[in-house]
Each structure stands twice: as C-alpha cells, then as structure tokens.
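Please look over the sequence and the model shown below before reading on. The paragraphs that follow walk through the chain as a whole and then through a number of individual sites.

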Amino acid sequence: LGQVFPKNSNSVVRFCLCKSPLRIVGARNIDSRQYELPTGNELAGLKRITSLNPKFDSLHFPVLFPYGEDGFHVNIPYDGVHTPPTLKRKFVTQREYYAFRLQHRDDEGQTLMRGGKALQHYVVDAFSTIEQNRLYYLRSHQEDLRSELYHGDDIGNVILPSSYTGSPRYMKQLYLDAMAVVHHHGSPDLFITSELKPEIVARVFRMKLNALEDELNRSQFFGKTVAAELPDPELDPVGYAAVTKYMLHGPCGDDKPTNVCMKDGKCSKYFPKLFNSETTTDQFGYTVYRRRDSGITASKGSVELDNRFVVPYNRNLLVLFQAHINVEVCHQGRLIKYLFKYIKKGQRKKQKLSRILARDAVTETTLTQWFALNQTDPDARCLLYAQTPNKYMWNLKNKIWSKRKRGFAVSRIVYINPGCGDTFYLRQILTKVRGAVSFADLRTVNGFPCRTYQAACQRLGLLSNDDEWLLVLQEVNQWGMCGLLRYLFVSMLMFCETC
C-alpha cells in the first residue's frame with residue numbers, strides 16, 4: 001500500500017500493488033451508513049480524489065479512521081427532526097460537518113479526539129479544505145458579489161466579500177460599523193484587552209469572553225478606579241496575588257534584554273514607566289496613571305518589579321476572571337483606528353448606477369421602500385435614510401419598513417468608493433436629504449431638477465471645486481501682465497508642493 005500527495009494540490013491518491021484491480025468509492029448518491037458496502041455504480045477506478053470525496057479523510061488519515069468511514073460529501077442531508085423548517089439549505093455544509101466531528105461525545109468512539117498530533121493535522125487540513133472551497137466559490141461567483149464595485153479590495157484578481165473573515169472589506173466594514181457606533185454614542189471611555197493562556201482551547205476562551213461581556217453589561221465595575229499599582233499584600237492579598245500573576249510587564253531592559261518586547265535595545269511598550277503621584281492626561285490626550293513609589297514590589301523570576309511595571313487594570317474584573325485584562329482610560333475617537341489599522345486602499349473601478357438597478361435580483365430594496373415609506377408616513381420624512389433603522393425595522397420577508405415597537409438600531413449607509421460614479425454621488429445625497437420619494441426627487445435641489453447625482457451634489461455643496469482658481473486665472477488673463485502671470489503660476493506650483 002502506498003500514497004501520493006500531489007504537489008500544490010489539496011488531494012490525495014492511494015494505490016495498492018496487488019493482482020486484483022483497485023477500486024475507490026466515488027460520490028454518494030444516497031444516505032450512506034458506515035458498514036454498508038458500496039454499490040456498483042459507486043465504484044470507480046484508480047484516480048485522484050478531492051476533499052469532497054467521502055473517502056478523502058479515511059484515505060488521508062487511516063489511523064484515525066481504521067474502518068474507512070465516510071467523511072464529508074456534498075449530499076449529507078440535515079436531520080429533519082432538529083432542523084428548523086425555515087432553513088433554505090437542505091444539505092450540511094463542509095464547515096458544519098467538521099464542526100460536528102470535532103465535538104466530544106460520551107456515546108461515541110474517541111479515536112479521533114484522542115488522535116494527538118494526527119488530530120492536529122486533521123484539524124489543520126479541515127480548515128484548509130474549507131477555506132479552499134470557499135475561495136473557489138468566491139472566484140467563480142464574482143458577478144453575484146457585484147465585484148466590479150470593490151476594486152481595491154481584491155486579493156490578486158478576486159474580490160473577497162465582507163463576510164470573509166480577514167479580507168480588506170471585512171476590516172473596512174468593521175471599522176465603519178465602529179464609527180457608526182461612535183457617531184451615535186460618542187467616543188469610547190475605556191479600552192479593554194483580555195488575554196488568556198495560549199494552551200486554552202478556543203471554546204473555553206469564547207465562554208470566558210461571553211461571561212466578560214455579560215458582567216460588563218449588568219455590573220458596575222467601572223464606577224471604581226482603574227489602577228496601575230501593586231495592591232498592599234497585607235490589606236488585599238487576593239488582589240496582590242492576581243496583579244502579580246497577570247498584570248506585571250517584564251522583566252525587560254537591562255534585566256532581560258532578550259525579552260520579546262525589546263526592539264533596538266528599548267522596550268517597545270515603554271516600560272518601565274515613570275513614578276507619578278497623581279493620574280493626569282498628557283499633551284497628546286493619553287492618560288498618565290498614578291504610580292507611587294510605595295516600596296511594594298513583586299518577584300518575577302530573580303527580578304523585583306515595582307509599580308513602574310504594572311499594566312493598568314480593574315481590580316474586580318481581574319480577581320473575578322483570573323486572567324490578563326488590561327483596562328485603559330481613553331479620551332479620543334481615534335482609538336478606533338488602532339483597532340482596524342490594517343485597512344488598505346487600492347485602485348477603483350467605475351460602475352453605473354443604472355446597471356446595478358437593472359439587475360434581475362434588484363426589485364424592492366431598502367432604498368426604494370424608503371421612498372414608499374416617505375409617501376405614506378409623515379414621521380419618516382423627518383429622518384435621513386441612515387436614520388430610518390432607528391425608528392423602523394426592515395422586514396426581509398415582505399420587503400417593507402415597519403415601525404419599531406421597542407428598541408433601536410445603530411445604522412449607517414454602506415461605504416461606496418469615490419470612483420464608483422453615480423453610486424458614490426447618490427450616497428452623498430442620502431446623507432443630507434430627508435423625505436425623498438423617488439430617485440428623481442433626490443436629484444432635485446431647491447426645485448431645480450439636476451440631470452445627474454454629481455450635479456445635485458454640486459448644488460448641495462457636497463463637492464469641492466476649482467471655481468476660485470478659475471476665477472483668479474480669468475482675472476489675471478484679463479488684467480495681468482506676462483511677468484505677473486508667470487509669478488502666479490510659480491506661486492501656485494509652490495503652494496501645491498507644500499500641500
């Protein structure tokens with residue numbers, strides 16, 4: 001028995017040197033059981049198989065699947081008893097299948113879960129095959145994703161949607177969502193970072209994160225101070241033990257120049273901090289915490305660390321969760337940029353709005369139904385398009401706006417590249433105009449109908465222009481001498497270079 005792993009290919013070929021011909025089970029047409037023998041039409045000759053073949057996993061990991069159990073294939077139906085009747089999909093996705101397999105169940109065999117490094121290999125391969133198939137789908141369905149609107153957000157020649165975690169549009173959407181929240185609630189007051197030990201499983205980390213969110217929502221942790229000092233070990237031994245274990249930075253600098261925080265001979269986190277008698281704010285708006293020279297220290301290895309090495313924390317949160325939870329006081333909205341600093345810009349491509357609206361799938365949208373809402377509901381005419389979800393809820397099934405009975409929603413208009421032509425100018429108008437009842441109404445400014453959305457933006461004063469420069473040039477051309485004209489051009493060039 002041998003196996004071949006083709007280079008740069010997510011597939012596997014297994015072969016056997018024997019007198020009888022080798023057969024590999026092909027795709028399943030019916031619901032298969034573990035010990036059922038394959039039928040004649042399911043048998044195929046030796047060939048390369050993909051990750052969608054039901055025998056891919058058992059051929060790749062014979063130790064984990066000693067009986068040749070079926071793996072994922074495209075026609076695994078949902079359990080009809082526990083599947084919601086509203087679910088449109090009828091078959092299990094690849095991600096759902098592997099998520100189901102990677103669960104511990106007492107009434108099942110534990111061969112997979114006790115596989116050690118083979119299990120780790122299996123998990124990595126499962127993740128890779130899921131990502132590969134997702135990327136293949138995105139590449140082959142670019143038209144469905146309206147990819148022509150998002151050039152500059154591409155990876156190679158493929159536009160990744162905002163639902164693809166880590167893609168440029170995903171990061172950009174998160175940033176814009178955060179800015180919408182800041183616009184509604186104001187700048188954040190606290191910046192909280194929670195870290196757990198690297199050996200903890202993702203499932204446990206998620207449970208701790210959910211618990212942290214619940215505590216922050218229902219408790220009053222931050223009516224008290226955010227500290228950056230070691231508690232007194234005699235007055236608060238529990239707090240002292242937690243800070244010593246989770247909230248000390250270092251040692252670094254001369255005590256440990258090989259620490260990961262060291263860059264060019266200095267700590268990249270700017271430790272040790274300076275002693276400070278009171279909490280203040282520096283000239284750049286950053287908080288400088290109180291760090292008194294109290295004489296209280298803690299041992300970390302062979303080094304004694306004092307308050308200059310304490311990472312800011314909230315005592316109650318720290319003791320409750322027994323994990324590194326950094327709490328920073330912030331006073332500015334630009335903190336949001338730190339969260340999404342990997343957003344990149346790129347080239348753009350124009351797309352006519354008429355072509356988008358002409359798509360077969362575009363019938364009744366949130367925008368067209370906003371027009372209809374404004375025709376019948378006087379309360380809606382006082383709202384901008386982006387403010388409508390605050391008072392109304394979009395009914396996806398009936399495609400209408402319904403007045404909210406309770407609660408509200410923080411909303412924003414989807415980001416449009418400036419190079420997208422009329423679509424971009426339409427978005428600009430929607431940020432200023434209330435109560436419009438049609439597209440033509442959006443292009444009408446003070447009773448004057450404009451031919452394009454760009455012209456309407458111009459009349460609304462939403463676009464910068466060169467009118468002042470043109471006026472100056474006309475006056476100089478009429479009244480100025482050649483020398484003065486050359487002087488003006490030189491001055492303009494120097495001004496542009498400094499800008």
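In this predicted model, Pro251 is found in the loop that runs between helix H6 (237–246) and strand S8 (262–263), and the peptide bond that leads into this proline from Gly250 is cis, with omega near 5 degrees. A second cis peptide bond joins Phe271 to Pro272, here with omega near 0 degrees, and Pro272 belongs to the loop between strand S9 (266–267) and strand S10 (280–281). Tyr270 has its place in the loop between S9 and S10 as well, and although Tyr270 is a residue other than glycine, its phi is positive, near 65 degrees. Tyr270 counts as exposed, because its relative accessibility is 65% and the cut-off for exposed is over 50%. Asp264, which lies in the loop between S8 and S9, likewise has a positive phi, of about 55 degrees, without being a glycine, and at 81% relative accessibility Asp264 also counts as exposed.

With these backbone details in mind, the chain can be viewed as a whole. The protein has 499 residues, of which 34% count as buried, and its secondary structure comes to 16 helices and 18 strands. If one takes the contacts between residues at least 6 apart in sequence, 56% of them join residues at least 24 apart. The accessible surface comes to about 33100 Å², and carbon and sulfur atoms account for 55% of that area.

Where in this fold does a charged side chain lie buried without a salt bridge? Asp57, in helix H1 (residues 56–60), is such a case, since it is buried and the nearest side chain of opposite charge, that of Arg101, is 6.6 Å away, whereas a salt bridge is counted only within 4 Å. The side chain of Asp57 does, however, make a polar contact with the side chain of Tyr98, at 3.2 Å. Leaving aside residues up to four places away in sequence, Asp57 touches Phe65, Gly71, Phe72, Tyr97, Tyr98 and Tyr122.

Elsewhere charged side chains do pair, and the count comes to 12 salt bridges. One of them joins Glu131 to Arg134, with the closest N and O atoms 3.6 Å apart; both residues lie in helix H3 (residues 117–140), three residues apart, which is about one turn of the helix. Glu131 counts as buried at 17% relative accessibility, while Arg134, at 32%, counts as partly exposed.

Another salt bridge brings together the side chains of Asp177 and Arg412, at 2.7 Å from N to O. Asp177 lies in helix H4 (residues 168–185) and Arg412 in the loop between strand S16 (400–403) and helix H12 (422–430), so this pair ties together parts that are 235 residues apart in sequence. Both partners are partly exposed, Asp177 with a relative accessible area of 38% and Arg412 at 26%.

Asp379 and Lys403 form a further salt bridge, in which the closest N and O atoms are 3.1 Å apart. This pair, too, links distant parts of the chain, with Asp379 in the loop between helix H10 (366–376) and helix H11 (388–391) and Lys403 in strand S16, 24 residues apart. Asp379 is partly exposed at 49% relative accessibility, as is Lys403 with 47%. In addition, Glu229, Arg290 and Arg292 are linked in a network of salt bridges.

The loop between S16 and H12 also holds Phe408, which counts as partly exposed at 48% relative accessibility. Together with Val181 and Val410, Phe408 forms a nonpolar patch on the surface, and the accessible area of the three comes to about 240 Å².

Is helix H12 enclosed or exposed? Seven of its nine residues are buried, so H12 is largely enclosed by the rest of the structure. The buried residues of H12 are Thr423, Phe424, Tyr425, Leu426, Gln428, Ile429 and Leu430.

Helix H10 contains Thr368, a residue that is partly exposed, with a relative accessible area of 23%. Thr368 and Val437 are 69 residues apart in sequence, and their C-alpha atoms are 8.5 Å apart in space.

Definitions and conventions: Residues numbered from 1 in each chain as written. Predicted model: local features only at pLDDT ≥ 70, side-chain atom pairs only at ≥ 80, totals over all residues. Heavy atoms only, no water. Helix = DSSP H or I, 4+ residues; strand = E, 2+ residues; numbered from the N terminus. Buried < 20%, exposed > 50% of the residue type's maximum accessible area, 1.4 Å probe, protein only. Lys, Arg positive; Asp, Glu negative; His and termini not counted. Polar contact = N/O pair within 3.5 Å; in protein donor to acceptor, adjacent residues only side chain to side chain. Contact = heavy atoms within 4.5 Å. Patch = residues over 30% accessible without salt bridge, like charges linked within 9 Å, V, L, I, M, F, W, Y side chains within 5 Å. Areas by Shrake-Rupley, 256 points an atom, 1.4 Å probe, with all protein chains shown as cover.
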